[in-house]
Amino acid sequence: MNESRICIALDFQTKEEVEEFLKKFGDEKLYVKVGMELFYGTGIEMIKTIKEMGHKIFLDLKLHDIPNTVKSAMKQLAKLDVDIVNVHASGSIAMMKAAIEGLEEGKSTDKRPLCIAVTCLTSLDQEVLDNELLIHEELPEVVLKWAENAKEAGLDGVVCSPLESKIIHDHLGLDFLTVTPGIRLVDDSVNDQKRVTTPAMAKELTSSYIVVGRTITRAEDPLAAYREVYKQFQGE
Ligand code: C5P
């Protein structure tokens, strides 16, 4: 198997739950996403344990603060030797540049962690943009502009919907990564996701990485669900 580009969202509360879940995959090397829920509950120890198992980590903490604070925070995160970290694009180009500087200063190997930006959260819609945030451009325009800002700041890509991936790649090139959640196999329940795509559709729409949570973590047979996602998205 090639290196996985499927980030399994470890949306669990405890270290025990994570270990129990990862055991099901035997020696398989995975890409996992650690978000706020797990990180705030288990901290740096959990990151070290997952790294020791040989898995890659997308640490999804979505930093957003003044540039100097983000730079210092990224310097600390770079020491964890995780593979992807992220920030909110709405924090400005200056903040995103500072994130990269922090990662460069803190990196423990030649290679800094990749840094991607959250554009518009999928929980925001045009009405919230217009009436609460006073952003009157169309939402897809906002997403593309914030992705352009991320590229200008030197970031490696964005988190976005698979449906936005193609247009971002058309404008900013295939090397600019699109990391896309909202993935479901055909028979799954949609849960709270509004717009979902299958792994095969995400591949068609040029997603660089997909983030998959409940489709794998809540499956009766998580390994079988992972294999199906892998087959559709990466072939083999
Ligand atoms: O279980 P599910 O596949 O819906 O999980 C998706 C993961 O991706 C969750 O960790 C969720 O927080 C994250 N995510 C998302 N939509 C975004 C950004 C992140 O679902 N726009």
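How do the residues of the shell around the ligand divide into nonpolar, polar and charged? Four are nonpolar, three are polar and four are charged. Before I go on, note that this is a predicted model.

Let me name the shell. The residues around the ligand start, in sequence order, with Ala 9, Asp 11, Lys 33 and Thr 122. Then come Pro 181, Arg 184 and Gln 193, followed by the run Val 211, Val 212, Gly 213 and Arg 214.

Now the polar contacts. Lys 33 has a side-chain N or O atom 2.9 Å from an oxygen atom of the ligand. For Arg 184, a polar side-chain atom is 3.0 Å from a ligand oxygen. Thr 122 is placed against a nitrogen atom of the ligand instead, with a polar side-chain atom 2.8 Å from it. On its own the ligand has 460 Å² of accessible area, and the protein covers 81% of that. As for the site itself, the ligand takes up the space of the largest pocket.

Last, the salt bridges. Side chains of opposite charge can pair when their charged atoms come close. There are 16 salt bridges in the structure. One of them joins the side chains of Lys 15 and Glu 19, at 3.4 Å from N to O. Why are these two about one helical turn apart? Because Lys 15 and Glu 19 are four residues apart in helix 1, which covers residues 15-23.

Methods:
Residues are numbered from 1 along each chain as its sequence is written. This is a predicted model: local features need pLDDT of at least 70, side-chain atom pairs count only at pLDDT 80 or more; totals for chains, interfaces and linings use all residues. Side-chain values use heavy atoms; hydrogens and water are left out. A residue is near a molecule or strand if one of its heavy atoms lies within 4 Å of it. A polar contact is a pair of N or O atoms within 3.5 Å; within protein, one must be able to donate a hydrogen and the other to accept it, and residues adjacent in sequence count only if both atoms are side-chain atoms. Accessible areas come from the Shrake-Rupley method with a 1.4 Å probe; for residues, only the protein chains shown count as cover. On a 1 Å grid over the protein atoms alone, a cavity is a set of points where a 1.4 Å probe fits but cannot get out, and a pocket is an open set with protein on both sides within 12 Å along at least five of seven lines; lining residues have an atom within 4 Å of a point. A molecule sits in a cavity or pocket if more than half of its atoms lie within 2 Å of its grid points. Ala, Val, Leu, Ile, Met, Phe, Trp, Tyr, Cys and Pro count as nonpolar, Asp, Glu, Lys and Arg as charged, and the others, Gly among them, as polar. A salt bridge is a side-chain nitrogen of Lys or Arg within 4 Å of a carboxyl oxygen of Asp or Glu.
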